[in-house]
Amino acid sequence: MSEQTFLVLTALAEEPLHGYAIVQAVEQLSEGRMVLRVGTLYGVLDRLVADGFAERDREEVHQGRLRRYYKLTDSGVRALQAEVARLSANVRAASAVLRGRGVQAWANKA
């Protein structure tokens with residue numbers, strides 16, 4: 001699973017969101033490391049919908065523009081759980097190797 005897909009699934013895990021809100025949530029979740037472009041976002045959303053991990057929730061008009069909301073499906077929740085478990089196992093393995101070299105797995109931010 002790509003980091004973009006992981007972060008979009010994570011953004012949708014709390015509540016249904018429209019496109020711009022997903023972009024903002026991904027930026028916040030990644031602490032600014034990832035800023036999704038609109039075309040990239042809708043490509044990810046199209047794949048998530050096709051895979052059954054997300055679905056359209058509702059549409060509403062806001063200031064004359066259509067907002068389409070997406071939500072996570074039960075399959076999406078399971079996919080996110082599996083990816084969290086996979087990533088956690090990778091972090092544990094890498095951290096153990098680094099500790100063996102006397103290196104901290106990650107440095108605290110200044």
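Is Glu 55 buried, partly exposed or exposed? Its relative accessible area is 35%, so Glu 55 is partly exposed. Keep in mind that this is a predicted model, and I will come back to Glu 55 in a moment.

Let me start with the annotation. The UniProt record, an unreviewed entry, places "domain: Transcription regulator PadR N-terminal" at residues 8-81. In the model that span is 53% helix and 26% strand, and its end C-alpha atoms lie 13 Å apart.

Next, helix α1, which covers residues 3-14. Its buried residues are Thr 5, Phe 6, Leu 7, Val 8, Leu 9, Ala 11 and Leu 12. What do they pack against? The partners are β1, α2, α3, β2, β3 and α4, the last of these being residues 74-100. As background, an α-helix has 3.6 residues a turn, so residues three or four places apart point the same way.

Now the salt bridges. How many are there? The count comes to 7. I will go through three of them.

The first on my list joins the side chains of Glu 31 and Arg 33, with an N to O distance of 3.5 Å. Both Glu 31 and Arg 33 are exposed.

The second brings us back to Glu 55, which forms a salt bridge with Lys 71. The closest N and O atoms there are 3.5 Å apart. This pair links distant parts of the chain, since Glu 55 sits in strand β2, residues 54-62, and Lys 71 in strand β3, residues 65-72, with their positions 16 residues apart in the numbering. Lys 71 has a relative accessibility of 28% and so counts as partly exposed.

The third is between Lys 71 and Asp 57, where the closest N and O atoms are 3.8 Å apart. Lys 71 belongs to β3 and Asp 57 to β2, so this pair ties together parts that are 14 residues apart in sequence. Asp 57 is also partly exposed, because its relative accessibility is 28%. Salt bridges that share partners join Glu 55, Asp 57, Arg 58, Glu 60 and Lys 71 into one network.

That leaves the pockets. Rolling a probe the size of a water molecule over the atoms shows where empty space is left. The largest pocket holds about 360 Å³ of space. Which elements give two or more residues to its lining? They are α2 (19-29), α3 (38-50) and β3. Strand β3 supplies the largest share, 4 residues.

In total, 14 residues line this pocket, and those nearest its centre are His 18, Tyr 20, Arg 65, Leu 66 and Arg 67. By class, the lining has 7 nonpolar, 4 polar and 3 charged residues.

One of the central residues deserves a closer look. His 18 is found in strand β1, which is residues 17-18. Is His 18 buried or exposed? With a relative accessible area of 10%, it falls under the 20% cut-off, so His 18 is buried. Leaving aside residues up to four places away in sequence, His 18 touches Arg 67, Arg 68 and Tyr 69. Of these, Arg 67 is also among the residues nearest the centre of the largest pocket.

Terms used
Residues numbered from 1 in each chain as written. Predicted model: local features only at pLDDT ≥ 70, side-chain atom pairs only at ≥ 80, totals over all residues. Heavy atoms only, no water. Salt bridge = Lys/Arg side-chain N within 4 Å of Asp/Glu carboxyl O. Buried < 20%, exposed > 50% of the residue type's maximum accessible area, 1.4 Å probe, protein only. 1 Å grid on protein atoms, 1.4 Å probe; cavity = no way out; pocket = protein on both sides within 12 Å on 5 of 7 lines; lining within 4 Å. Points joined across faces, edges and corners; volume = space filled by probe spheres on them. Nonpolar A, V, L, I, M, F, W, Y, C, P; charged D, E, K, R; others polar. UniProt positions renumbered as here; feature names shortened; annotations may be inferred. Contact = heavy atoms within 4.5 Å.
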